[in-house]
Amino acid sequence: MTLQSAELRIGIIGCDTSHSVAFTELLNDPATKGHVPGGKVVAAFKGGSADIHSSISRVKEYSNTLSEKYGVTFYDTIEELCKNVDCILLESVDGRPHLEQARPVIKAGKPVFVDKPMAGSLHDVLEIFRLAREAKVPVFSASGLRFGRDTQAVRNGSLGKVDYAETSGPCEIEPHHPDLFWYGVHGTESLFTVLGTGCQSVKRGTTPEGKIEVTGTWSGGRKGVLRESPDFRGKAKGEKGEAPVGSFDGYGPLVAEIMKFFKTGIAPVKPEETIEIFAFMETADESKRSGGQEIKIADTLRKAGAK
């Protein structure tokens, strides 16, 4: 599935996150630093979750900016939105409604990028990918941390085979989501970007300072560690030495990848990797509930309905 229009009409679902404005600026304003050509945000659905203050309290401000500064048209339903655009940025900051918001998008056959967290549960992540696969609609999800320069260099072979990585970053918790889904997803995404799939078990503990620490064991004895910290950073060790990973280089690299995806229908991240990222985070919660026992990811996937 490809979209060959010179300038794609892009729709946004969810005006309760700064991403809705930041991505629109990168796409719609040729004068902005890091401008990404190829499409413009022309329409949106406001969304917002009443039980999350950081969601519902931002809808008015961000919607007004999109309307007044960028001339974005608002629709009362996602179905109407889809009739007036070529592709969708699903930006709702709350992952819980993503599955129901994605259903009409997939039914309409519109390629969709689903911002973090992809859903409020591993079960819903699996269901979004199932619906998209059956309808043959392109979909992908990723954190902007995936496309940091240092992280991409290691993923593309600068260290050869990587056998150890550690990343760290903020892990703000939102009580309606598994602990790492809300903000720990960023550091987790960096970890998987350099180690890839193959994580077999997860154990959650704490650092000497009492912060979150999650250790994953990958196939072949590889190991990855995610830690809570104020800053995004990390390192990887491989056949050719050690290098930094886990930096955040702004939204531009992510938006550029999204536009390539919209044009080609080819996702830069395979569903299997995204599914494993969310299985890792949900397994970390299970380990926490069990008092820090090591839990197999396969068990978490089975409980979530993976086949």
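**Exercise 1.** In this predicted model, find how many bridges join strand 2 to strand 3, and place that pair in its sheet.

*Solution.* Start with the pair itself: strand 2 (residues 39-45) and strand 3 run parallel and are joined by 2 bridges. For a landmark, look at Ala43, which stands opposite Thr73 in strand 3. Now widen the view: the pair belongs to an open sheet of 6 strands, paired in parallel, with the order 3-2-1-4-5-6. Strand 3 (73-74) and strand 6 (139-141) are the edge strands, each pairing on one side only. Finally, add helix 10 (residues 252-264), which packs on this sheet and touches strands 1, 2, 4, 5 and 6. The direction of helix 10 makes about 150° with that of strand 5.

**Exercise 2.** Work out in which sense strand 11 pairs with strand 7 and with strand 12, parallel or antiparallel.

*Solution.* Take strand 7 (residues 162-169) to begin with: its pairing with strand 11 (residues 233-238) is antiparallel, over 6 bridges. Here Ala165 stands opposite Ala236. Next, turn to strand 12 (residues 241-244), which also pairs with strand 11 in the antiparallel sense, over 4 bridges. Gly238 faces Gly241 of strand 12, and the hairpin joining strand 11 to strand 12 passes through 2 residues.

**Exercise 3.** Identify which residues touch the most other members of the largest nonpolar core.

*Solution.* That core has 57 residues, and the answer is Phe278 and Phe280. Now follow Phe280 beyond its neighbours within four places in sequence: its contacts include Leu191, Phe192, Val214, Trp218 and Ile297. Lastly, note a second, separate core of 29 residues, with Leu8, Ile10, Ile12 and Tyr62 among them.

Technical notes. Residues are numbered from 1 along each chain as its sequence is written. This is a predicted model: local features need pLDDT of at least 70, side-chain atom pairs count only at pLDDT 80 or more; totals for chains, interfaces and linings use all residues. Side-chain values use heavy atoms; hydrogens and water are left out. A nonpolar core is a set of buried Ala, Val, Leu, Ile, Met, Phe, Trp, Tyr and Cys residues joined through side-chain atoms within 4.5 Å. Buried means under 20% relative accessible area, exposed over 50%, partly exposed in between (1.4 Å probe, protein chains only). Contact means heavy atoms within 4.5 Å. Two strands pair if DSSP finds at least two bridges between them. Axes are lines fitted to C-alpha atoms, for helices over the stretch in contact, and angles run from 0 to 180 degrees between N-to-C directions.
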